[in-house]
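Please find below a colleague's note on the structure, set out as numbered points. It takes up an internal cavity and then a sheet.

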Amino acid sequence: MTTFRSPHYLRQVLQGFANQTCRDFEIVVGEDGRTEETRGVIDEFATRTDFRVRYVSQTHQGFGKTRILNRAIDAAQGDYLIFTDGDCVPRRDFVAEHLRLAAPGRFLSGGCYRLKRALTDRILAGDVAYHDFTDPVWLKQNGDDVPAKWLWIQNRPVLAKVLDLATTTRPTFNGHNASAWKADVVAANGFNHEMRYGGLDRELGERLENAGVLGMQIRHRAVCYHLDHDRGYVNDEDWQRNRDIRQRVRKLGITRAPQGLDQIQAA
């Protein structure tokens, strides 16, 4: 996962991983820009859990998410990688579902439930427990307009699979909730440093698919809860630039980023 000047969000995300049903994994946090407060959150978490926690960072020099993602990939010791963001709290079976459904020649495309700003503020203030805001029934009882499907699948994993098979939504590589074999990501040269905000994760997925690594939809089986925040970094110029790059990737069948993981390793 990556983070940028949001230690209070990161604390909630790490708490979500501390509550996972699967316990055999390491956590790699990549921070764009080195801050003592973020490092303090990570160090405190590492001292009170039994997880292996790795921290990588870089100086902030403009938009650097693709570079810090590649640094995190390079630091990861496992042969299977699960990607999320520093503002997305995993449901307690998040890791277990990704590992259960991992398959050769596939990347997995998970789902995201977006929490409202008022509730996010309460969570960040410590007023709402993890087991409450990751429970659709609690959200419904506390005024959230929860779609019925999330209530149906709460205790019906078979129905979640049916919904994943039936959905018309195409599986895409989502930075907040996706997983892949490290060997496949390395073969694609990781994330493309040419990309800015807006589709940088999906561009990696498109290169994976060009190489024959196909996406699999698990949006109702592997779920994270997105904490709301402002997006002052979004602009039309970057979106258009990214659309042009992705169009070229699809048209030409490109499988490797011209600037990516190899360049991080060589630096």
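1. How many cavities of 30 Å³ or more does the count come to? The model is a predicted one, and the count comes to one cavity of 30 Å³ or more. The volume of the largest cavity is about 40 Å³.

2. The residues that line the largest cavity should be located next. They are Phe107, Arg170, Pro171, Thr172, Phe173, Arg202, Gly205, Glu206, Glu209 and Arg246. Sorted by class, this lining has five charged, three nonpolar and two polar residues. Among the charged residues of the lining are Arg170, Glu206 and Arg246.

3. Which helix gives the most to the lining of the largest cavity? Helix α11, which covers residues 200–210, gives the most, with four residues.

4. The note now turns to the sheet. An open sheet is formed by three strands, whose order is β5-β10-β7, and their pairing is mixed. Strands β5 (88–90) and β7 (111–114) stand at the edges; each has a single partner strand, so one side of each is left without a neighbour in the sheet. From one strand to the next, the twist averages 35°.

5. As general background, strands of a sheet pair through backbone hydrogen bonds, in either a parallel or an antiparallel manner. In this model, β5 and strand β10 (residues 223–226) run antiparallel and are joined by three bridges. Which residue of β10 is the bridge partner of Pro90? The partner is Cys224.

Definitions and conventions
Residues numbered from 1 in each chain as written. Predicted model: local features only at pLDDT ≥ 70, side-chain atom pairs only at ≥ 80, totals over all residues. Heavy atoms only, no water. 1 Å grid on protein atoms, 1.4 Å probe; cavity = no way out; pocket = protein on both sides within 12 Å on 5 of 7 lines; lining within 4 Å. Points joined across faces, edges and corners; volume = space filled by probe spheres on them. Helix = DSSP H or I, 4+ residues; strand = E, 2+ residues; numbered from the N terminus. Pairing = 2+ DSSP bridges. Axes fitted to C-alpha atoms, helices over the stretch in contact; angles between N-to-C directions.
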